[in-house]
Amino acid sequence: MTTQDLHLPLLNIERQEIHLWFVFPNDIEAPLLLDQYATFLTMEEKTQWQRFHFARHRHQYLVTRALIRTLLSRYLPGHPAEWRFSKNEYGKPEVIPFSGMMPLRFNLSHTEGLIACGVVLEHDIGVDVEDIERSGDQLGIADRFFSDREVNDLFALPLDSQKSRFFDYWTLKESYIKARGMGLSIPLGQFSFHLADNQPIRISFDPQLQDDPEHWQFRLLQPTPCYKAAVGLCQNPTTSHRLIIRQTVPLGGDQPLMVPTLGASARV
């Protein structure tokens with residue numbers, strides 16, 4: 001079966017564009033569609049899929065794999081079942097390239113009820129989505145793991161604003177460490193985000209990280225009242241990227257998605 005047999009609409013991405021895709025897996029229920037997704041999985045993915053104890057987690061995993069596989073087949077020549085992936089030493093996945101393949105990069109994130117995938121050419125990208133209504137000791141996590149500057153700024157806010165700001169920091173921090181491809185091997189306290197009304201999002205680094213703030217751009221988003229998302233991109237400081245956001249159902253159609261941006265936008 002070819003991608004034409006699946007009627008996948010082809011996509012074009014420019015060098016200074018980021019395509020950000022959102023999927024709400026709980027809205028995808030058609031048995032025939034889910035059966036089609038399952039045919040795309042490798043044996044290893046099928047084994048992982050069946051290991052999930054709860055049906056909702058199996059469902060989210062299946063939709064996540066279908067999302068990246070169908071997206072790749074819309075940007076690049078290849079059937080969704082044909083894609084193979086490698087991971088770096090920290091577990092970040094990349095598509096195994098073929099001769100002549102354009103330098104497509106992606107990053108996936110998911111939380112209960114929402115999946116996101118960022119796609120870009122050449123640059124390192126990180127995406128994170130979080131359910132901001134989930135329970136937990138967010139302030140305790142911040143006090144333990146965030147930078148001193150972030151902790152001070154967080155606790156200086158009114159109490160009813162602190163949980164929201166925690167998720168601003170958390171999604172941004174996750175987007176950075178995912179773009180770096182090193183995950184939590186990067187201590188969260190060794191870099192700080194600077195969030196101020198009507199100002200671009202800025203990042204600063206402890207000298208141990210040996211990174212340059214001028215090479216990083218971030219966007220903080222709220223796709224629904226229940227979720228926050230962040231995109232981080234490592235790029236040339238003289239360029240800017242246009243962010244294009246869509247909601248999709250793999251094999252089922254796309255639509256533009258108007259997503260509020262929180263704070264002033266950096267030049268992502």
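**Exercise 1. Determine which residues of α4 and α6 meet, and describe how these two helices pack.**

*Solution.* In this predicted model, Q138, L139, I141 and A142 of α4 meet Q162, K163, F166, F167 and W170 of α6. Sorted by class, the residues of this contact comprise six nonpolar, two polar and one charged.

The next step is the geometry. Helix α4 covers residues 138–145, and its axis lies 10 Å from that of α6, at an angle of about 50°. Angles of 35 to 65 degrees fall outside the parallel, antiparallel and perpendicular ranges and count as oblique; α4 and α6 are therefore oblique to each other. The crossing of α4 past α6 is left-handed.

**Exercise 2. Establish the strand order of the open sheet of three strands, and state which strands stand at its edges.**

*Solution.* The order is β6-β10-β9, and the pairing is antiparallel. Strands β6 (124–131) and β9 (216–224) each have a single partner strand, so one side of each is left without a neighbour in the sheet; these two are the edge strands. From one strand to the next, the twist averages 15°.

The pairing of β6 can then be examined. Eight bridges join β6 to β10, which comprises residues 227–234, and the two run antiparallel. Within this pair, I125 stands opposite L233 of β10.

Finally, the sheet is related to a helix. Helix α6, residues 159–180, packs on the sheet and touches β6, β9 and β10. The direction of α6 makes about 150° with that of β6.

**Exercise 3. Classify the packing of α2 against α3 from the angle between their axes.**

*Solution.* The axes of α2 (residues 43–51) and α3 (residues 55–75) come within 8 Å and cross at roughly 150°. An angle over 145 degrees counts as roughly antiparallel, and α2 and α3 are therefore roughly antiparallel to each other. The crossing of α2 past α3 is right-handed.

The contact involves E45, Q48, W49 and Q50 on the α2 side, and R58, Y61, L62, R65 and R69 on the α3 side. Its composition by class is three nonpolar, two polar and four charged residues.

**Exercise 4. Decide whether R69 is buried or exposed, and list its contacts beyond its neighbours within four places in sequence.**

*Solution.* R69 is found in helix α3. Its relative accessible area is 0%. The cut-off for buried is under 20%, so R69 is buried.

Neighbours within four places in sequence are set aside in the next step. R69 is then in contact with F40, T42, E45, P80, A81, E82, W83, R84 and F85. Among these, E45 also belongs to the α2 side of the contact between α2 and α3.

A C-alpha distance completes the description: R69 and V95 are 26 residues apart in sequence and 9.8 Å apart in space.

**Exercise 5. Identify the sense in which β11 pairs with β1 and with β12, and give a bridge partner in each pair.**

*Solution.* Strands of a sheet pair through backbone hydrogen bonds, in either a parallel or an antiparallel sense. Strand β1 (residues 17–23) pairs with β11 (residues 242–249) in the parallel sense over six bridges. The bridge partner of H19 in β11 is I244.

With β12 (residues 253–256), β11 pairs in the antiparallel sense over four bridges. Here, R246 has P256 of β12 as its bridge partner. The hairpin of β11 and β12 has three residues between the strands, and L251 takes a positive phi near 70° in this hairpin.

Notes:
Residues numbered from 1 in each chain as written. Predicted model: local features only at pLDDT ≥ 70, side-chain atom pairs only at ≥ 80, totals over all residues. Heavy atoms only, no water. Pairing = 2+ DSSP bridges. Axes fitted to C-alpha atoms, helices over the stretch in contact; angles between N-to-C directions. Contact = heavy atoms within 4.5 Å. Parallel < 35°, antiparallel > 145°, perpendicular 65-115°, else oblique. Left-handed = near helix turned anticlockwise from the far one by under 90°. Nonpolar A, V, L, I, M, F, W, Y, C, P; charged D, E, K, R; others polar. Buried < 20%, exposed > 50% of the residue type's maximum accessible area, 1.4 Å probe, protein only.
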